Amino acid sequence: MKMREPFAVKDCALIAIATGEQAQTLRELRDRLETTSTSCIYYHFWGGLLRARFDDPEYQNDFAVWAYRSLHDKALAERLALINPTDYHYLEDLRRELIDSIEERLDESEYVPWAKSSQRFHFVRSQIVVFDTDTRIEKPYELPGLLQHMSPGTIFYHFIDARRRPPFGRDDFTEWIAGFSQNYHALTDALESIDPYFTNLIELREELSLVMSKNMLMKG
Amino acid sequence: MMPNLLEQYAKIVGEEVIDQLRQLARHLHGMKVVHVNSTKSGGGVAEILHRLIPLKQELGIDATWEVIEGDDEFYQCTKLFHNCLQGNRLDINESLLRHFEHTNKINGEKLMESLREADIVFIHDPQPAPLIVNCPDRKGRWIWRCHIDLSHPYRPVWKYLKDFVKEYDASIWSLSEFAQMLPHPLYLIPPSIDPLSKKNIDIPEKDLEKAYSTWGLDPQRPIITQVSRFDRFKDPVGVIHSYRLVKEFNSIQLVLAGGGATDDPEGEEVLRQVRASAGDDPDIHVLLLPPDDHLNINIIQRISDIILQKSTREGFGLTVTEGMWKGRPVIGGDTGGIRLQVINHHTGFLVNTPEGAALRIRYLLKHRDRLAEMGQKARQFVLENFLITRHLREYLTLMVAVMYETVDRIEPE
């Protein structure tokens, strides 16, 4: 998005695709993770926000949930759950971290943790369809009011998915606001400090709205 | 077509959800989409198509619905397919298979024009699967939608059907556990319920009050209900066992409501066992209801305190979704799609034994505030994830996606 151009509000919808890859043991999970596509890694970390999932899950990513529910390995589940995907600009780095955690657990274990046949891990990737909502925002002060009406898909696209697009690791709101003036420094810092991982999209929308309103008020 | 169908749904799911459908559908305006299945009424597929087609039309898509025709021999063969795909090891003789193919060839000739010109064709379940080989000069994308639990198919039968299915451009499965390897994208779309259908619409209080006397139930005492076919995998005898364990502490009533079992010899046997196990206990109500008695099922779920679905094996478990939509917590078997819906300690409890179910029933009856809270969470969870509007959104997303092959991110102009 070019600086100072109106902010084009987009929305997105996700559709899941089974890759057919499965794992029944922790070693199989490690092996599949070496070769599976990065879009699979992305889906199992972030896809939960846009698909049928309870808003308050015990663990945020699918690997941790599987370790807990199917391998019954709480220590591994806790370690995997703590991997925060926003810490990694590149999915390959996230993959490496995931594999390292699993290998560490395999080294510690006297046997390879395994799941019942009916509780295998199924690898899933996704396609995201992005569409224009026709809403345009001219000035940053309009954002807090409009945010409340944005769909969860819009929040996902601009605040989470944006980090996968150039410039990597930054959300669209921060990127756009930063193009206006130095006056918005405090706001962009506050936005960048929001952790989008341990939450759901509705709560994230509220948090964004609160941070923006507060900073705009302080300015105005 | 019902006017303002989308507005009716907006009242339930919110304008924001309907706006998103409209924006997505803009990229599909005027597109010719044909759905094909084997029955116009009865069964979940027909139920969902009755609603999806007018909704797609209201969104500007030229959607139509075709139904193939067959004789008794054809349906005998497809019934065998259905059983085998769900794991029964039954052999199907060659002449039945040839008749199945021939019936599809005749239907293919009849539907040729509409199918050939369509931009997207959705073929539902195995019955019309061979239509694709009877339409060689098709111009659109063909997608096979599997509504069946195919997690443990009888391999020889799946191998036979796979030869047709692999010709499609994509397939759709309800859960990743059901998806079989094929040389095309395997999309995942869980099923949904329709909040405006007879099974799920709100019922006036006076009709609910009348229901107690209709079914001989006491409104003053708790009612625990399982709605399902009389099938061994639904464990109705285990449910009676749970009821007896609870009955020592709480004066509860049990309702086991399900369809008749006239065409299913095993179902009759299970029903016999259920009746024998129930004995002459006046608080166990075994209700045999016709499969289309949706309103009564709806009423029974609404006058119940807790819904059970103590299956030992389950596809998706739409009766779980229906129970949750009525604001009731569900105690469900820890299997299949139940796991996707029953979030332990939040929307209900997952259990593995009759003892586990009894324990959770007693807990909820003792803590009525928790029962009410979990019921509310269950309804909210269905509202956000398992209504037909979500199903439609995923269909629309898929339709855009298949037009753009297999790239990860699609931004249509």
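User: What makes two residues count as "in contact" in this predicted model?

Analyst: Two residues are in contact if their C-beta atoms, placed from the backbone, lie within 7 Å. The model is predicted.

User: Which residues is Trp173(B) in contact with, leaving aside its neighbours within four places in sequence?

Analyst: Ala18(A), Cys146(B), Phe178(B), Ala179(B), Leu186(B) and Leu188(B). Each of these pairs therefore has C-beta atoms within 7 Å.

User: Why is Trp173(B) called a nonpolar core residue?

Analyst: Core members are buried residues of listed types, Trp among them, joined through C-beta atoms within 7 Å. Trp173(B) belongs to the largest such core, so it is buried. That core has 166 residues. Trp173(B) is one of those with the most contacts inside it, along with Val129(A), Val121(B), Ile123(B), Ile143(B) and Leu396(B). Strand β1 (residues 7-23) of chain A gives the largest share, 10 residues.

User: What makes 41% of chain A "buried"?

Analyst: The cut-off is 20 or more other C-beta atoms within 10 Å of a residue's own. Of the 220 residues in chain A, 41% are buried, so they meet that count.

User: How do you know that domain 1 and domain 2 of chain A touch?

Analyst: The domain assignment gives domain 1 (13-125) and domain 2 (139-219). Their C-alpha centres lie 28 Å apart. Yet 10 residues of domain 1 are in contact with 12 residues of domain 2. The touching side of domain 1 has 5 nonpolar, 4 polar and 1 charged residues.

User: What secondary structure does chain A have?

Analyst: It comes to 10 helices and 2 strands. From the N terminus, the order is β-α-α-α-α-α-β-α-α-α-α-α.

How values were computed:
Residues are numbered from 1 along each chain as its sequence is written. Chains are lettered from A and ligands numbered from 1 in the order in which they are written. This is a predicted model: local features need pLDDT of at least 70, side-chain atom pairs count only at pLDDT 80 or more; totals for chains, interfaces and linings use all residues. A residue is buried if 20 or more other C-beta atoms lie within 10 Å of its own, exposed if 12 or fewer, and partly exposed in between; C-beta atoms are placed from the backbone. Helices (H or I, at least four residues) and strands (E, at least two) are DSSP runs, numbered from the N terminus. Domain bounds come from an automatic or database domain assignment. Ala, Val, Leu, Ile, Met, Phe, Trp, Tyr, Cys and Pro count as nonpolar, Asp, Glu, Lys and Arg as charged, and the others, Gly among them, as polar.
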